[in-house]
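Reader: I would like a close look at one part of this assembly, the surface that chain B presents to its partners. Could you take me through the contacts there with some care?

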Amino acid sequence: MSHKPMNDASKPLVEVNNLGFSRGKHVIYEDVSLSIPRGKVTAIMGPSGIGKTTLLKLIGGQLVPDAGWVKVDGVNVHQCNRTELYALRKRMSMLFQSGALFTDMNVFDNVAFALREHSGLPEPIIKRIVLMKLEAVGLRGAAQMMPSELSGGMQRRAALARAIALEPELVLYDEPFAGQDPISMGVLVKLIRDLSDALNLTSVVVSHDVQEVLGIADYVYVLADKRVIAHGTPAELRLADNPKLKQFIGGEPDGPVPFHFPAQDYQKEMLGERD
Amino acid sequence: MSVTDSIASIGRSAIATVTGLGRAGLMLWGAIAKVPNVAKGTPLLIKQLYVIGVQSMVIILVSGLFIGMVLALQGYNILVGFGTEDSLGPMVALSLLRELGPVVTALLFAGRAGSALTAEIGLMKSTEQLSSLEMMAIDPLRQIIAPRFWAGVISLPLLALMFTAIGIYGGHIVGVEWKGIDSGSFWSILQASVEWRQDIVNCLIKSVVFAIVVTWIALYRGYHVIPNPEGISRATTQTVVQSSLAVLALDFLLTAMMFGR
Amino acid sequence: MLTRKIELLVGVFILSGLAAFLILVFNVANVDVKPGQSHYTLYAKFTNVGGLKVRSPVKVGGVVVGRVTRISLDPTELVAVVELAMDKQYDQFPETSSLSILTSGLLGEQFLGLTPGFVLDDIGMLADGDRIDDTHSALVLEDLIGQFLYSVQSKDN
């Protein structure tokens, strides 16, 4: 492999450059560029259905872009061969929207899974690591439960424990707050921030929950209309006068960002009624 | 216009078919081409043998017993008209070994294990468990697909053998215990007409071929499912329909090759 | 991750599969494990073997004492040569014994009936590689009907 882990804190961990991606005839991204700094929580926000999950899958190398490139720690994700890609993926992990816990294993085995596959550590040590991770998300007591016995929020916390089991450098969170009640949302917000600080993780949070994200993010990118429409610290974004951004952050139903895709006429009709 | 349209639609479906075959081939190749990791693979294989093999045993044994009994009863009623009810043994044994054993087992297997495989893998895909494995740098083809494939290929021939053996026993129950054919002549005529190479080896060849096809279709349908509930239910149905048709068509082909000369 | 119960059941599954295989091989196809060991070979020539097949039984008074192992054509005499594998425990057949092709029932399987001959001082017992000269070929139904019709016709005349 052509790269060495560089601990140059000034260099971004993930660089996305002029990314273009489309699914069939439906263009999702045109010319998206991002840079994700090390050890920070970077949020990617945008309305539903603009393919924020797709962006994470592009970073993880599960999808291949039509144009542009993605570099993680200086390595072009889409020019790696399988071995290099897998080596890279061992340094990152992803928290899926549904949690994606393995349904045929209990919580303990779920968290232990990647450790058993990759670490080669003896079982007693794995057990300790797993219990530590579960303790960190407050689910040590649920270690022997099956995923189906957990609530949605607990599933996501268990998945979070699994995502940090191998102590990755980069954690990608796909809609971690979607569909959570206020208490579990608060727990998750606190967990993401705390874990990020404690383990010096680089976190990428994809979400459309504006207030939660602005609360924990160090830096925010806002995607709309197939491109980045704004970026900056949460404080900067709150003060920005870009109308699209104001609409999004303020959660106003009417504005320049088309929330409904792609039926323009229908949308105008709907907005017209609300006026 | 309409002519070019219909030609284009033929072309389109041909391309789709070839693409599907190619994808299915790539999936299987990716799953079984690499050298398996014995230490990690064996527990996975055993678990799948349990799910695919052991859990299909009851339906296979019960169906085998009843099919053997029905075959014997019907056969007896016909043969007794010619006064050749002694030939009941070979009739039951050869029907089971050459056709019903491999074919009915494969059809039952497609319904019991094949559909379950498709649904399970489809669900894994739609709940992003497969993506999650990918992101953990674990190849889902090796972790999920390969053990299930091998478990299917091992289980189905064993199930077909059990089906056939218990079916012959069912024929014995009806023919000897109920209809009063002499037990000795039942077995001796049966033994005289069943041949190791011609019948038992061919039975095994058939069931191995069916096992590969049924398991492959089930895995492919699950792996390339449209990840929503409707997609999963459709894929499950497709698994049963396609693998049943494939089994019956292949059975004719294999029979023609084995017994057709 | 694997419970003992699952391992046990999988073991039972594999063993029952193998048991079914062994039943089919040894009980249904009746394959002999050690051919040649407990058998001695006899030859016999027939002008017509009818429906006799490899593995057809050789019976003495209804008791199976051997099986047909090969049926071929003698290239010079152009008659069928049948090779028999006789059970070693039945080796007391005199050389004057005769073989005939018989049918079990009207339409049943054909088998070889061995009729033991008389025993005299100068007559030995059949041993490995010997040939039985006194053979009666299969009755062919068409020939029988033909003969019957012929005899009916000649009676009419």
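Author: What follows treats the contact of chain B with chain C, and then its contact with chain A.

The model is a predicted one, and in it 30 residues of chain B are in contact with 24 residues of chain C. The area buried between chain B and chain C is about 2,400 Å², and carbon and sulfur atoms give 83% of that area. Across this interface the rule finds zero salt bridges, and it likewise finds zero residue pairs in polar contact, counting pairs with both residues at pLDDT 80 or more. On the side of chain B that touches chain C, at least two residues each come from α2 (38–82), α3 (88–126), α5 (140–178), α6 (183–193) and α7 (196–223) of chain B, with α2(B) giving the largest share, nine residues. By type, the residues of that side are 23 nonpolar, five polar and two charged.

Turning to the other partner, 17 residues of chain B are in contact with 25 residues of chain A, and the area buried between chain A and chain B is about 1,900 Å², of which carbon and sulfur atoms give 53%. Of the area that chain A buries against chain B, 25% is supplied by Tyr86(A), Arg89(A) and Glu117(A), more than by any other three residues. Four salt bridges are counted between chain A and chain B; Arg89(A) forms a salt bridge with Glu134(B), where the closest N and O atoms are 2.7 Å apart. The rule also finds nine residue pairs in polar contact across this interface, both residues being at pLDDT 80 or more.

Note on methods
Residues are numbered from 1 along each chain as its sequence is written. Chains are lettered from A and ligands numbered from 1 in the order in which they are written. This is a predicted model: local features need pLDDT of at least 70, side-chain atom pairs count only at pLDDT 80 or more; totals for chains, interfaces and linings use all residues. Side-chain values use heavy atoms; hydrogens and water are left out. Contact means heavy atoms within 4.5 Å. Buried area is the accessible area (1.4 Å probe) that two parts lose on being put together, summed over both. A salt bridge is a side-chain nitrogen of Lys or Arg within 4 Å of a carboxyl oxygen of Asp or Glu. A polar contact is a pair of N or O atoms within 3.5 Å; within protein, one must be able to donate a hydrogen and the other to accept it, and residues adjacent in sequence count only if both atoms are side-chain atoms. Helices (H or I, at least four residues) and strands (E, at least two) are DSSP runs, numbered from the N terminus. Ala, Val, Leu, Ile, Met, Phe, Trp, Tyr, Cys and Pro count as nonpolar, Asp, Glu, Lys and Arg as charged, and the others, Gly among them, as polar.
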